[in-house]
Amino acid sequence: METLNISDGDLTHRQEIIQLLRMAIEQQWSMSYVTTVKNRVTTHSLYLVSVNALEGTISVSGKNLDAIQPGQTIMFRGQSGGLSVVFQTRKVDPEAGVKVHNSDSIFEFDIPYKIACTQLRKTLRVNVDSVYEVPVVLYMVNGALIDAVLMDISTSGAKYRTRQALPTGAAKTVSEYPI
């Protein structure tokens, strides 16, 4: 499987959409859906349960989903770290197909045709903590050296983990000491 390249814009290729939805399930993204009643917009939390590529459906669990009529289109929103996604999908009529789950709280929706992706950060952040343990040395303003482990890095900065708390203002900023 090819690596999914997520940047600002729309995902329209079905395989990329399925891959993104599976990644959202695996990483337990924060998801919700939006309803409008008498010009009042309400957001409801939900969980993506599974993706069935052959049936062309996603299984979703959440409160008040039973109030959505089969065939009705709703907007889903999701977020993980610096990525936000939005898509519209239609609730599947449970009588029209095979029931995948034996639960009354899990509902089927069509896999969307398009997912709008937005990077919330100006620069993409690369998480290295979960893959490698990269040791770094922090140079403090007072001249002290502190051992740390790099957690993530981007062109605008880095996040690191230390065994001790750092005093406020102790670390040199990137703008003062460019790489």
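The following paragraphs lead through the sheet of this predicted model, the helix that lies across it, and a few side-chain pairs. Residues are numbered from 1 along each chain as its sequence is written, and side-chain values use heavy atoms, with hydrogens and water left out. Because the model is predicted, local features need pLDDT of at least 70 and side-chain atom pairs count only at pLDDT 80 or more, whereas totals for chains, interfaces and linings use all residues.

The sheet is a convenient place to begin. It is an open sheet of 8 strands in the order β1-β8-β6-β5-β2-β3-β4-β7, with antiparallel pairing, where strands (E, at least two residues) and helices (H or I, at least four) are DSSP runs numbered from the N terminus, and two strands pair if DSSP finds at least two bridges between them. At the edges stand β1 (9-11) and β7 (106-110), each with a single partner strand, so one side of each is left without a neighbour in the sheet. Neighbouring strands are turned by 35 degrees against each other on average, direction ignored; the axes are lines fitted to C-alpha atoms, for helices over the stretch in contact, and angles run from 0 to 180 degrees between N-to-C directions. Helix α1 (residues 14-26) lies across β1, β3, β4 (57-62), β6 (83-90) and β8 (115-119), and runs at about 100 degrees to β3.

Within the sheet, β2 is joined to the antiparallel strand β3 (residues 40-52) by 7 bridges, and Met31 stands opposite Leu46 in β3. Thr35 lies in strand β2 (residues 30-37). With a relative accessible area of 16%, Thr35 is buried, a word that here means under 20%, with exposed meaning over 50% and partly exposed in between (1.4 Å probe, protein chains only). Leaving aside neighbours within four places in sequence, Thr35 is in contact with Arg40, Val41, Thr42 and His44, contact meaning heavy atoms within 4.5 Å. The side chains of Thr35 and His44 are also joined by a polar contact of 3.2 Å (a pair of N or O atoms within 3.5 Å; within protein, one must be able to donate a hydrogen and the other to accept it, and residues adjacent in sequence count only if both atoms are side-chain atoms).

Charged side chains supply 2 salt bridges, each defined as a side-chain nitrogen of Lys or Arg within 4 Å of a carboxyl oxygen of Asp or Glu. Asp10 and Lys114 meet in one of them, at 3.9 Å from N to O; this pair links distant parts of the chain, since Asp10 is in strand β1 and Lys114 in the loop between β7 and β8, 104 residues apart. Asp10 is partly exposed at 46% relative accessibility, and Lys114 is partly exposed at 45%. Asp110 and Arg90 meet in a salt bridge of 2.7 Å, N to O. Asp110 lies in strand β7 and Arg90 in strand β6, so the pair ties together parts that are 20 residues apart in sequence.

Aromatic side chains come last. The whole structure holds 2 aromatic pairs, in which ring centres of Phe, Tyr or Trp (its six-membered ring) lie within 6.5 Å, with planes under 30 degrees apart counted as stacked, over 60 as edge-to-face and the rest as tilted. Phe76 and Phe87 form a tilted pair, 5.2 Å centre to centre with 40 degrees between the planes. Phe76 and Phe109 form an edge-to-face pair at 5.3 Å and 65 degrees. Phe76, Phe87 and Phe109 form one aromatic cluster.
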